[in-house]
There are 2 protein chains.
Amino acid sequence: MPENDLSPATRGRKRDPERDAAILEATIDLLAEVGYDGLSTAKVADRAQAGKGTMYRRWPTKTDLVLDAVAHMKAQQIDLEALPDTGSLRGDLLALFQPQDSAQVDRILRAMAGVVSMISQVHGLAETGDYSIFEPWIAANSVLMERARTRGEISSTADVALAAQIIPSMAAYRALILRVAIDRDLLLRLVDQVVLPALSDGPVNLASS
Amino acid sequence: MPENDLSPATRGRKRDPERDAAILEATIDLLAEVGYDGLSTAKVADRAQAGKGTMYRRWPTKTDLVLDAVAHMKAQQIDLEALPDTGSLRGDLLALFQPQDSAQVDRILRAMAGVVSMISQVHGLAETGDYSIFEPWIAANSVLMERARTRGEISSTADVALAAQIIPSMAAYRALILRVAIDRDLLLRLVDQVVLPALSDGPVNLASS
DNA sequence: CCAATACGATACTACATGGTTCCGGAACGC
DNA sequence: GCGTTCCGGAACCATGTAGTATCGTATTGG
């Protein structure tokens, strides 16, 4: 009797993992350029210098391919184990958004815009949230802020869950609607005039007329 | 000589303006449900109980139709001439986002998500910004905040341009990515813990250890 | 060396869809 | 009434594309 009909194919030529990477990268490129629907499997294959058979051997469907490409992109993002630690929350936040290569960030945000169109069409995708690039950024913000709280740097009652969403949501708005990335000037204003005040203890100092 | 080859057709049956509205409404519905690419002209005609001829007599192309539908939706939005005036900025902000029927807001935000996919594919659209539903909300925020400033209610040096973007950008993030609208609890937290502190004079009261 | 599997390339199928055209009928102005 | 323009409906066409199949070649293990 055959051990297993689905034996992992020990014989024959092996799959080239480099092809996986090339196809996923080409997918992200096109996602950023033309969106989910503008992306055709033929174009992906063409750009990756791959045959469509090679693609469909790995991903049974265009949707699977794009989802995996997004996961791939996400994995290259922020490493929650290696967050900046400058001693102050302000320094940490600036450092977190600092090092990103501008062109690379732009590509990622545009790809994210491409994903938005997929959510409308692929049923049951909105519920998982797996596709969001912004979620790890929010998580990173939370970690930095919680650390600042244990240092006593911010209010013990600060709404960290909310504050951690401010910068990422602004980034999302600009990326998806305005099609522009956050620049350093805006980042400074956000940190100093919005995020830090929101976390501080200070009573809202409305003019007491 | 003919007065004008394109004379507005004084003879014959007149166009039914109700058809315009029905078609635009159907377009927005579908835009919210399936996105720009999931939207087919046949589906729009079907839902509006209209013939495709009736549609193409008005809009030469699917893109024109969708853009006009978005403009139509935008026109039904915030009236900058009739902003709330409760006496306090806090009251004004809460009133601004208050009256919206939740289901209606949800529909609008989902439609906006559908528009995002169009931006990737229709050339030269991202530059105009005409499509953004959020921009009038930002403008309304700015007006309310400037009024508060002239009342001396907030700091004279407050960064209104930035603060006015906070709530709308959060709404955009939630609508486009999370697919959820802003509820009253979140609105309260945003106003009291983020927006108002950002506009206040108070020095950032970081714990002086 | 050989069977099995991978690869890029290309041809092919099945189907959806944007846009046009035509129909029979209804509303309008003259 | 009579021609013109509108209406909903449906047929029609050209194009694009997801997914499959095939071909000749390159790698692998036995």
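Here are some exercises on this predicted model, each with a worked solution.

Before you start, note that residues are numbered from 1 along each chain as its sequence is written, while chains are lettered from A and ligands numbered from 1 in the order in which they are written. Local features need pLDDT of at least 70, side-chain atom pairs count only at pLDDT 80 or more, and totals for chains, interfaces and linings use all residues; side-chain values use heavy atoms, with hydrogens and water left out.

**Exercise 1. The surface near DNA strand C**

Task: Find which residues come nearest to DNA strand C, and which helix gives the most to the surface near the strand.

Solution.
- Step 1: Collect the residues near the strand, where near asks for a heavy atom of the residue within 4 Å of it. There are 25 residues around DNA strand C, and A:Arg19, A:Thr54, A:Arg57, A:Arg58 and B:Lys52 come nearest.
- Step 2: Sort the residues of this surface by class, with Asp, Glu, Lys and Arg as charged, Ala, Val, Leu, Ile, Met, Phe, Trp, Tyr, Cys and Pro as nonpolar, and the others, Gly among them, as polar. The outcome is 12 charged, nine polar and four nonpolar.
- Step 3: Assign helices, taken as DSSP runs of H or I with at least four residues, numbered from the N terminus. Helix 3 (52-58) of chain A and helix 3 (52-58) of chain B each supply at least two residues; helix 3 of chain A gives the most, with three residues.

**Exercise 2. Phosphate partners**

Task: Work out which part of DNA strand C supplies the atoms within 4 Å of the protein, and list some polar contacts to phosphate.

Solution.
- Step 1: Of those strand atoms, 69% belong to sugar or phosphate, and the rest belong to bases.
- Step 2: Look for polar contacts, meaning pairs of N or O atoms within 3.5 Å; within protein, one must be able to donate a hydrogen and the other to accept it, and residues adjacent in sequence count only if both atoms are side-chain atoms. A phosphate oxygen sits 2.6 Å from a polar side-chain atom of A:Arg19, and B:Lys14 places a polar side-chain atom 3.0 Å from a phosphate oxygen.
- Step 3: Add the backbone, where a polar atom of A:Gly51 is 3.4 Å from a phosphate oxygen.

**Exercise 3. Relating the two chains**

Task: Determine what turn lays chain B on chain A.

Solution.
- Step 1: Superpose by least squares on the C-alpha atoms of residues with pLDDT of at least 70 in both copies. The turn is 179 degrees, with a shift of 0.0 Å along the axis and an RMSD of 0.1 Å. That is the relation of a two-fold axis.
- Step 2: Locate the axis: B:Ser117 comes closest to it among the residues of chain B, at 2.4 Å (C-alpha).
- Step 3: Compare interfaces, using contact as heavy atoms within 4.5 Å. The copies meet through the same surface, because 100% of the interface residues of chain B are also interface residues in chain A.

**Exercise 4. Buried or exposed?**

Task: Decide whether B:Asp92 is buried or exposed, and do likewise for B:Asp201.

Solution.
- Step 1: Apply the cut-offs: buried is under 20% relative accessible area, exposed over 50%, partly exposed in between (1.4 Å probe, protein chains only).
- Step 2: B:Asp92, in helix 5 (residues 89-97) of chain B, is buried at 0%. Its side chain reaches the backbone nitrogen of B:Thr86 at 2.6 Å.
- Step 3: B:Asp201, in the segment after helix 9 (184-199) of chain B, is exposed at 52%.
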